[in-house]
Each structure stands twice: as structure tokens, then as C-alpha cells.
Amino acid sequence: MSNLFPRMLRAAKLEAALYEEVEADKSATGQALVVVALSAIAAAIGSISAVGTTGILIGSIVAVGSWFVWALLTYVIGTKILPSPQTQSDVGELLRTIGFSSAPGAIRVLGVIPGVQSIVFFVAGIWMLASMVIAVRQALDYTSTLRAVAVCAVGWVVQLVLLVAVSKLLS
């Protein structure tokens with residue numbers, strides 16, 4: 001865990017080499033989980049006025065669940081539906097790279113500053129999306145960033161449909 005924060009910084013800098021590194025490092029799955037949790041906690045703190053203290057726990061649980069679902073969806077879409085000839089990956093590789101793509105979300109803690117929450121969350125969202133595309137491109141061994149964007153877009157739509165369905169079932 002001693003290299004967690006340097007890795008998070010490299011992930012936030014969008015370093016493709018970092019995503020290759022964590023893709024290959026099976027021991028980094030725990031670190032990826034910590035990154036997802038820290039990003040979720042930062043978001044909850046940044047929006048504490050709206051979510052309250054229970055939002056920290058609920059947000060973290062939802063973030064971890066979404067991380068697993070997103071990695072599984074990305075695996076299926078990227079390796080079965082939109083693979084390139086050199087695509088070789090597994091769910092673990094995607095868990096690690098996608099987990100680290102949450103690193104830019106740590107800035108959402110700045111949402112506690114009055115008047116900047118919307119801007120901070122918007123910037124964090126765009127930054128995390130860019131990080132996600134790089135993570136997916138590296139984990140799926142794509143040479144095309146556009147293919148990684150397509151996988152992320154299809155996965156986003158599928159996850160949105162699943163969230164709406166689960167929401168309707170729970171209400």
C-alpha cells in the first residue's frame with residue numbers, strides 16, 4: 001500500500017504506463033478498491049450538505065458495487081462484443097485499471113467549498129471519464145482510443161438501464 005498515493009497521482013495524470021502497471025499487478029486489486037472507496041468518500045464529503053453523514057456509507061457501498069458491475073460490463077463489451085485482434089483481458093485487470101481511473105474523483109472533496117460544488121463535480125466527472133477511457137484502452141490492449149470510447153459509451157448506457165430497472169424494483 002506504500003505506493004498507493006503515488007499511483008493515484010499517476011492515474012490522475014492520465015499516465016497510460018500506470019494503467020499497464022496496475023493491469024499486470026494482481027496485488028493491486030486491493031489498492032483499486034481503496035481508490036474507489038476514497039473517491040466515493042470524497043464525493044460524499046463534497047456533497048455532505050445534500051447527502052448527510054449516512055451518504056458517506058451509502059455512497060461508498062454504491063460506488064464499490066458500481067465498480068464491480070462496470071468492470072464486468074466492460075469485460076463483456078470489450079472482449080466479446082467489440083474486441084480488437086490483440087484484445088486479451090480478464091475481469092481482474094479491468095477491476096484494477098477501472099478502480100484507479102476513479103483517482104481524479106478525490107478532488108470532489110473540494111465540493112464543501114461554498115459555491116463550487118457543481119463546478120468541482122463537473123470537472124471531476126470529465127477527468128474521471130478521460131481516465132476511464134485510458135484505463136479501458138490499456139486493459140483491453142486497444143490501439144484505438146475511439147474503440148475504448150465506444151466500449152465506455154455502450155457500458156454507460158447498459159449501466160444506466162440497469163440502474164433505472166433496479167430503482168423501479170426497489171420503489
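## Surface and charge

The accessible surface of the protein amounts to about 8,800 Å², and carbon and sulfur atoms account for 74% of that area. This is a predicted model, so the values here describe a computed structure. Turning to charge, the protein carries 10 positive and 8 negative charges, and the mean positions of the two sets lie 8 Å apart.

## Overall build

Helices are what you will see here: the protein has eight helices and zero strands. Reading from the N terminus, the order of elements is α-α-α-α-α-α-α-α. The radius of gyration is 16 Å, close to the 16 Å that the globule rule gives for 171 residues, so the protein is as compact as a globular protein of that length.

The C-alpha trace spans about 50 × 40 × 25 Å along its principal axes. Of the 171 residues in the protein, 40% are buried. Looking at contacts between residues at least 6 apart in sequence, 72% join residues at least 24 apart.

## The nonpolar core

In soluble globular proteins, nonpolar side chains tend to be buried together. Here, the largest nonpolar core holds 32 residues, and the members that touch the most others are Tyr19, Leu94, Ile98, Phe100 and Val136. Two or more residues of this core come from each of α1 (4–12), α2 (16–24), α3 (29–46), α5 (54–81), α6 (91–100), α7 (117–139) and α8 (145–170).

## Helix α6, wrapped by its neighbours

How many of the ten residues of α6 are buried? Eight are, so this helix is largely enclosed by the rest of the structure. The buried stretch consists of Glu93, Leu94, Leu95, Arg96, Thr97, Ile98, Gly99 and Phe100. It is worth noticing that Glu93 and Arg96 are on that list. As for partners, the buried residues of α6 pack against α1, α2, α3, α5 and α7.

Ile98 makes a good place to zoom in. Setting aside neighbours within four places in sequence, Ile98 is in contact with Trp67, Trp70, Ala71, Thr74, Met132 and Ala135.

## Met132, seen from α7

One of those partners, Met132, sits in helix α7. Is Met132 buried or exposed? Its relative accessibility is 14%, and because the cut-off for buried is under 20%, Met132 counts as buried.

Leaving out neighbours within four places in sequence, Met132 is in contact with Trp70, Ile98, Ser101 and Cys152. Trp70 therefore appears in the contact lists of both Ile98 and Met132. Met132 and Gly99 are 33 residues apart in sequence, while their C-alpha atoms are 8.9 Å apart in space.

Technical notes: Residues numbered from 1 in each chain as written. Predicted model: local features only at pLDDT ≥ 70, side-chain atom pairs only at ≥ 80, totals over all residues. Heavy atoms only, no water. Helix = DSSP H or I, 4+ residues; strand = E, 2+ residues; numbered from the N terminus. Rg over C-alpha atoms; globule rule 2.2 N^0.38 Å. Buried < 20%, exposed > 50% of the residue type's maximum accessible area, 1.4 Å probe, protein only. Contact = heavy atoms within 4.5 Å. Areas by Shrake-Rupley, 256 points an atom, 1.4 Å probe, with all protein chains shown as cover. Lys, Arg positive; Asp, Glu negative; His and termini not counted. Charge placed at Lys NZ, Arg CZ, Asp CG, Glu CD. Core = buried A, V, L, I, M, F, W, Y, C linked by side-chain atoms within 4.5 Å.
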